[in-house]
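This report concerns helix packing and charged side-chain pairs in a single protein chain. Please examine the sequence and structure shown here before reading on.

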Amino acid sequence: MCGLSKFPQVLNNMLWKRPAEVPIGQVWSRFKGRERAGIPAHLYQIRDMDESIRKVCLDMMQEVFLRDEPLCEVLGIDKDPESITTIRQNWENIVSQNVSLACFTEVDGNPGELVGFNVILVKSIDDEEEDISQVKGEPWKKLLRTLMKAENLVNVFEYYNVDKFLTSSGLTVLPGHRGQNIGAKLFQAREPLAKALDIKASATVFTAVTSQVLAAKSGYQELAVLEYKDMLEEGIDLTKCECSCAKLMGIKFDH
């Protein structure tokens, strides 16, 4: 599974910081996968994406995510060096917030093989928005304009009556471990993470059918829909995408 979530427009202006009383390195979820072709089911754990594995995760995101995600494919982002450089810098800023998650196989209670991850950040009502005219990489700029238009269909802060919420910049499960419900478990792990951080909601623009279905199964409600054909009026042709629309979806946590 490879699904694009909201690439946030905030880069260096993120104001929120992880509280010192929530130390990095925690395990947020443990679960058992599925037996497949006679191979026993793996045990998995979802934990903080700490500094020791960030580069590996982002290297995989750059290789797998930009190749497989539908909008990235339609816009040719993986073939545009300037867009790739900009996105990579964006991801590096995001993971520095220390709220991204990584999924591993579990061996004797310890993390084993890295099998998936979710690049997450906390968006605050006081964050400054980036000037899109200064963004480098034309394909990336088109994608960013699409995501911003979808996100701006609903004011998430007002809708959930919050001053901050979790959002995401991409989720990837490596091919050898797809079909193990890892994507859904990564979504669900946001809730205990949010509780520890005293965050009441999560909202993301999902751009692929797989991620939209997964979010719905994980309790996310549809807040707004942006039809890709509507981007033609802005000179952005997404009509060849396998998915017809982007969906802004969110959840209010009960804690």
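The following paragraphs treat one helix pair and then a set of salt bridges.

**Helix packing**

The structure is a predicted model. In it, helix α3 (residues 81-95) packs with helix α4 (residues 138-151), the axes being 7 Å apart and set at an angle of about 50°. Angles of 65 to 115 degrees count as roughly perpendicular and those under 35 degrees as roughly parallel; α3 and α4 are therefore oblique to each other. On the α3 side, the contact is made by S83, T86, I87 and N90, while α4 contributes E138, P139 and W140. Sorted by class, the residues of this contact are three nonpolar, three polar and one charged.

**Salt bridges**

Side chains of opposite charge can pair when their charged atoms come close. The model has a count of 17 salt bridges. The table gives three of them, with the N to O distance of each pair.

| Pair | Closest N to O distance |
|---|---|
| K55 and D59 | 2.9 Å |
| E151 and K123 | 2.9 Å |
| K149 and E234 | 2.9 Å |

The pair of K55 and D59 lies within one element: both residues belong to helix α1 (residues 54-68), where they are four residues apart, about one turn of the helix. K55 has a relative accessible area of 57% and is exposed, whereas D59, at 32% relative accessibility, counts as partly exposed. This salt bridge also belongs to a network, in which K55, D59, R88 and E92 are linked.

Two further pairs involve helix α4. The side chain of E151 meets that of K123 in a salt bridge. Since E151 lies in helix α4 and K123 in strand β5 (residues 110-124), the pair ties together parts that are 28 residues apart in sequence. Both E151 and K123 are buried.

K149 forms a salt bridge with E234. Here K149 is located in helix α4 and E234 in the loop between β8 (221-227) and β9 (245-252), so the pair ties together parts that are 85 residues apart in sequence. K149 counts as partly exposed at 24% relative accessibility, and E234 is likewise partly exposed, with a relative accessible area of 31%.

**Helix α4 in both settings**

Helix α4 thus appears in each part of this account. E138, P139 and W140 of α4 take part in the contact with α3. E151 of α4 pairs with K123 of strand β5, and K149 of α4 pairs with E234 of the loop between β8 and β9.

How values were computed:
Residues numbered from 1 in each chain as written. Predicted model: local features only at pLDDT ≥ 70, side-chain atom pairs only at ≥ 80, totals over all residues. Heavy atoms only, no water. Axes fitted to C-alpha atoms, helices over the stretch in contact; angles between N-to-C directions. Helix = DSSP H or I, 4+ residues; strand = E, 2+ residues; numbered from the N terminus. Parallel < 35°, antiparallel > 145°, perpendicular 65-115°, else oblique. Contact = heavy atoms within 4.5 Å. Nonpolar A, V, L, I, M, F, W, Y, C, P; charged D, E, K, R; others polar. Salt bridge = Lys/Arg side-chain N within 4 Å of Asp/Glu carboxyl O. Buried < 20%, exposed > 50% of the residue type's maximum accessible area, 1.4 Å probe, protein only.
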